[in-house]
Amino acid sequence: MDKDGVDERHRENQSVSLPSKTPNPTPDLPIFRLSVAQYQQMVQAGILTANDPVELLGGWLVTKMPKSPRHTTVTRLVVRGLEPLLPTDYFLSSQEPLTTETSEPEPDVMVVRGDITDYAERHPQGRDVALVIEVSDATLARDRGLKRGVYARALVPIYWIINLVDNRVEVYREPSEDDYASVQRFFRGDRVPVVVDGESIAELDVVSFLRD
């Protein structure tokens, strides 16, 4: 309860206006932006390896933040909870690339259409993905700002931020050219709808993965 005696969960668990995104910082010095093709060539040539903590976001080579034990645990709990809920023609991907026009992020969790073998020659793109999930603590500003814009422009239909700072799940829907039109917030005690191709196939208890 808050000071007015209103349950914050029920006050905020509704569509609301979105917070403004954090502007993308631009260095003062001359810099060189990478295309997705150039980034992929660097990976294929071994210039960038799995040991390099970077990903391509909006043409910038961005350093990935180290993961806290809680971040890792929540990601694993989400994977464990979501996997048995998916239709047979979808699969779960964790911390693997998603290719967009200007970016190649590696979301904590993705629900991808088709079979794993369909992506032997390419990474999933926005049109192949039903849901993207980022688990956020130190990366919250980036996930709400730069990454939110990347996923919206790729027309990823639903984007979850599991917000470890405020202990809630933010569900973004209705992507457009650079943002999502609506957001809902879910708290412990709520159940988050798992929506695939516009259909709610199940609900996931927030408390099953977002614990103290």
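How many helices and strands are there in the protein? In this predicted model, the count comes to 5 helices and 10 strands. Of the 212 residues in the protein, 44% are buried. Contacts that reach far along the chain are well represented: taking those between residues at least 6 apart in sequence, 54% join residues at least 24 apart.

Helix α3 is a good place to start. It covers residues 69–82, and its 14 residues should span 20 Å at 1.5 Å a residue; the end C-alpha atoms turn out to be 20 Å apart, so expectation and model agree. The buried residues of α3 are His71, Val74, Thr75, Leu77, Val78, Val79 and Leu82. What do these buried residues pack against? Their partners are strands: β3 (90–93), β4 (109–113), β5 (129–136), β6 (158–163), β9 (191–196) and β10 (199–205).

The helix also turns up in the largest nonpolar core, a set of 29 residues. Within that core, the residues with the most contacts are Val78, Leu82, Ile133, Trp160, Ile162, Val169 and Phe209. At least two core residues come from each of α3, β3, β4, β5, β6, β7 (168–175) and β9, and α3 supplies the largest share, with 5 residues. Phe209 shows how these pieces meet. Leaving aside residues up to four places away in sequence, Phe209 touches Val74, Leu77, Val78, Ile162, Val169 and Leu204. Apart from this core lies another one, of 18 residues, including Phe91, Met110, Val129 and Leu140. As a general point, nonpolar side chains in soluble globular proteins tend to be buried together.

Strand β3 is covered on both faces. Tyr90 and Leu92 are buried on one side, and Phe91 and Ser93 are buried on the other. That arrangement fits the usual pattern, as side chains in a regular strand alternate between the two faces of the sheet. β3 pairs with β4 in the antiparallel sense, over 4 bridges; in one of the pairings, Ser93 has Met110 of β4 as its bridge partner.

Not everything tucked away is nonpolar. Glu134, in strand β5, has a relative accessible area of 2% and therefore counts as buried, the cut-off being under 20%. What does its side chain meet there? The side chain of Glu134 makes a polar contact with the side chain of Tyr151, at 2.6 Å. The wider surroundings of Glu134, again without residues up to four places away in sequence, consist of Pro107, Asp108, Asp143, Lys147, Tyr151, Tyr159, Trp160, Ile161 and Ile162.

Salt bridges come next, and the count is 11. Side chains of opposite charge can pair when their charged atoms come close. Glu106 and Lys64 form one of these bridges, with the closest N and O atoms 2.9 Å apart. The pair links distant parts of the chain, 42 residues apart: Glu106 sits in the loop between β3 and β4, and Lys64 in the loop between β2 (60–63) and α3. Lys64 is partly exposed, at 24% relative accessibility.

A second bridge joins the side chains of Arg144 and Asp166, at 3.9 Å from N to O. Arg144 belongs to helix α4 (residues 140–144) and Asp166 to the loop between β6 and β7, so this pair ties together parts 22 residues apart in sequence. Both ends are partly exposed, Arg144 with a relative accessible area of 23% and Asp166 with 36%. The two residues are also members of a network of salt bridges that links Arg144, Asp166, Arg168 and Glu170.

Another bridge runs between Asp205 and Arg191, whose closest N and O atoms are 2.9 Å apart. Here two strands are linked: Asp205 is in β10 and Arg191 in β9, 14 residues apart. Asp205 is partly exposed at 30% relative accessible area, and Arg191 is partly exposed at 39%.

Finally, the loop between β9 and β10 holds Gly198. Is Gly198 buried or exposed? With a relative accessible area of 74%, Gly198 is exposed. In sequence, Gly198 and Ala130 are 68 residues apart, yet their C-alpha atoms are 8.8 Å apart in space.

Definitions and conventions
Residues numbered from 1 in each chain as written. Predicted model: local features only at pLDDT ≥ 70, side-chain atom pairs only at ≥ 80, totals over all residues. Heavy atoms only, no water. Expected span 1.5 Å × (residues − 1). Buried < 20%, exposed > 50% of the residue type's maximum accessible area, 1.4 Å probe, protein only. Contact = heavy atoms within 4.5 Å. Core = buried A, V, L, I, M, F, W, Y, C linked by side-chain atoms within 4.5 Å. Pairing = 2+ DSSP bridges. Polar contact = N/O pair within 3.5 Å; in protein donor to acceptor, adjacent residues only side chain to side chain. Salt bridge = Lys/Arg side-chain N within 4 Å of Asp/Glu carboxyl O.
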